[in-house]
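Here are my notes on this one, jotted down while going through the model. Have the structure open next to you as you read.

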Amino acid sequence: MKRRPNIVYLMTDQQKASACSVYGNRTVPSAFQEKMATRGVAFADAYAASSICTPSRTSVFTGVHPLVHQVTCHQNRAPYNLPQLSELLQDAGYYTAVIGHYEQQRNLSRGWHEQLSFQQPGPLNRSFWRKYRSGRQEYAWSSGAIDDPPEAGNSALIATRAIQMLDDALLSSEPFFLHVAIDDPHPPYFVPPPYDTLVDPANVELPELPPDAERPAWQNLVQEQGRTDLASEEDVRLLIAVYYGMIAYANDQMRRIYDALKERDLLENTWIIIGSDHGDYTGEKRMFAKTESLYECLLHVPLIIAPPEGSETLPQRNTVVPGLVNTIDLFPTILGLAGVPVPRYAQGCDLIRWLQEGAHEPLHDCLFAQVGDYHGHLGTTYPTGMPEAGRHPGLLQGARTLEYAYVQDPDYGDEAYDLRTDPTEIKNLLADSGAEVATVVAKLRERISEFEQECLQLRDELGVVPGHRGFRKGWE
């Protein structure tokens with residue numbers, strides 16, 4: 001009888017696809033991600049369902065979009081009556097374990113035999129606070145070194161404890177699902193030496209910046225709140241270099257977990273998935289960290305899947321696969337690998353099945369994302385959070401094809417971009433009244449309207465009970 005495979009899901013936090021050597025940025029030392037892409041496949045056009053942590057992670061673990069699970073901002077909690085990926089795997093006989101930044105406090109904590117959040121008292125929490133206190137609350141762009149050796153940094157401690165979890169999983173004699181949620185390269189932009197100087201700031205490419213007159217008004221407030229005017233070109237170069245160093249640090253820790261799998265003779269029956277929850281500005285649009293927005297740099301993420309060594313399950317190897325895919329696709333993909341029935345309501349697609357069928361037809365012709373609808377009381381939460389002006393009271397909805405991106409923003413006005421000529425989304429097409437632009441925007445607006453109705457109908461059919469909204473002044 002064939003053994004069911006183990007699955008290891010390694011997630012960095014806030015790594016955009018353009019900060020990954022797999023996709024052509026040779027300045028980023030991300031050798032382990034490259035190695036896994038060589039062993040398997042990397043998806044060129046993978047996008048998150050939301051641009052901030054909690055909504056994005058909730059979509060991965062429930063298989064539905066934010067409009068369905070109703071987690072559209074950080075202060076929402078995952079719904080109580082939608083089964084989570086870990087629960088479905090546990091019910092199917094998998095040993096499940098998770099460690100790191102996985103939103104335990106926001107109800108993504110069910111279905112784990114063993115779990116350890118970085119927010120629980122202990123070494124992980126202490127190392128997190130050492131990193132947090134390295135940043136400056138009045139600046140969005142502070143960066144540098146943590147006063148810790150590499151082995152004592154948060155990501156290294158996560159890897160060390162994850163390897164211990166591997167041994168616990170082996171004692172169960174069951175197949176295992178291990179989710180390792182690494183904090184890097186999440187701000188504040190600080191990392192243990194020598195990773196803070198691994199990349200020469202002189203080799204960093206600075207982002208193209210939009211003219212002041214063409215930016216939405218809220219971005220001016222973001223810059224005021226982050227004191228962006230005080231950041232010199234040298235400061236921005238250093239920050240990007242440190243951000244890349246944080247990615248290198250995370251890569252080295254993921255490699256330690258891989259080596260532990262190899263030492264335990266587990267690679268022949270273990271799938272490895274590498275992704276990120278969302279991206280980061282790192283200077284794009286004169287902003288840093290993230291906001292409740294739906295831009296390319298915040299949604300486009302790395303996604304790599306490597307099959308067990310010697311497996312013929314995945315026909316493609318050492319390939320960067322083009323075509324739109326969504327991080328929500330991981331829900332049916334992981335269940336498919338485990339041989340677990342996928343709930344009928346799941347909005348994603350099985351990526352492995354698509355690849356096995358040749359990936360001749362596009363998996364998605366359009367992707368959707370949602371964020372915002374924040375009505376709480378948080379202000380600016382640097383150095384690890386976001387600016388007050390980046391929290392949107394209205395719900396932003398986006399539709400994205402390989403050619404165009406369109407965002408409905410009820411607070412500050414809609415935006416549309418031609419991704420073929422303007423991949424960093426500088427020129428808002430809505431300033432152009434041409435007929436071709438109007439036609440494109442009308443079609444994407446219609447797609448958003450149709451998808452919104454689909455999500456609301458699915459929410460009603462499932463009877464989704466929203467998690468606690470968290471909007472209690474002084475209790476967020």
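1. Aromatics to begin with. This is a predicted model, and the count of aromatic pairs in it comes to 14. One of them is F368 with F451, a stacked pair with 4.1 Å from centre to centre and 5° between the planes. The two rings come from distant parts of the chain: F368 belongs to strand β11 (residues 367–372) and F451 to helix α12 (residues 435–462), 83 residues apart. F368 and F451 are both buried.

2. Still on rings, there is also a cluster. Ring pairs tie F118, F128, W129 and Y132 together.

3. Two charges over rings, if you care about cation placement. The charged end of K285 sits over the ring of Y417, 5.5 Å from the ring centre. R391 does likewise with Y374: its charged end sits over that ring, 5.6 Å from the centre.

4. Now the strands around β11. β11 pairs with strand β12 (residues 395–400) in the antiparallel sense, over six bridges. As a register check, A369 has G398 in β12 as its bridge partner. β12 is mostly covered, with five of its six residues buried.

5. On to what follows β12. A hairpin of three residues leads from β12 into β13. Strand β13 (residues 404–408) runs antiparallel to β12, and four bridges join the two. Here R400 stands opposite A405 in β13.

6. How many residues of strand β8 (residues 270–276) are buried? Seven of the seven are, so the strand is largely enclosed by the rest of the structure. In a regular strand, side chains alternate between the two faces of the sheet. In β8 both faces are covered: T270, I272, I274 and S276 are buried on one side, and W271, I273 and G275 are buried on the other.

7. The pairing of β8 goes two ways. Strand β1 (residues 6–12) pairs with β8 in the parallel sense over seven bridges, and M11 stands opposite G275 in β8. With strand β9 (residues 303–306), β8 pairs in the antiparallel sense over four bridges. There, I274 has I304 in β9 as its bridge partner.

8. Next, the nonpolar cores. The largest one has 40 residues, and F43, L89 and F177 have the most contacts inside it. Helix α10 (residues 330–338) gives the largest share of this core, six residues. A second, separate core holds 38 residues, including V8, A37, I272 and I274.

9. F177 deserves a look of its own. Leaving aside neighbours within four places in sequence, F177 is in contact with a set of residues that includes I7, Y9, F61, L85 and L89. Also among the contacts of F177 are Y94, Y95, W112 and I334.

10. Last, a helix. Which residues of α7 (residues 217–225) are buried? W218, Q219, V222 and Q223 are among the residues of the helix, and these are the buried ones. Viewed down the axis of α7, the buried residues fall within an arc of 145°, so they line one face of the helix. As background, an α-helix has 3.6 residues a turn, so residues three or four places apart point the same way. Just after α7, R227 takes a positive phi of about 50°, so to speak a spot to check when you go through the backbone torsions.

Notes:
Residues numbered from 1 in each chain as written. Predicted model: local features only at pLDDT ≥ 70, side-chain atom pairs only at ≥ 80, totals over all residues. Heavy atoms only, no water. Core = buried A, V, L, I, M, F, W, Y, C linked by side-chain atoms within 4.5 Å. Buried < 20%, exposed > 50% of the residue type's maximum accessible area, 1.4 Å probe, protein only. Contact = heavy atoms within 4.5 Å. Phe/Tyr/Trp six-rings, centres within 6.5 Å; stacked < 30°, edge-to-face > 60°. Lys NZ or Arg CZ within 6 Å of the ring centre and 35° of its normal. Arc of directions from axis to C-beta. Pairing = 2+ DSSP bridges.
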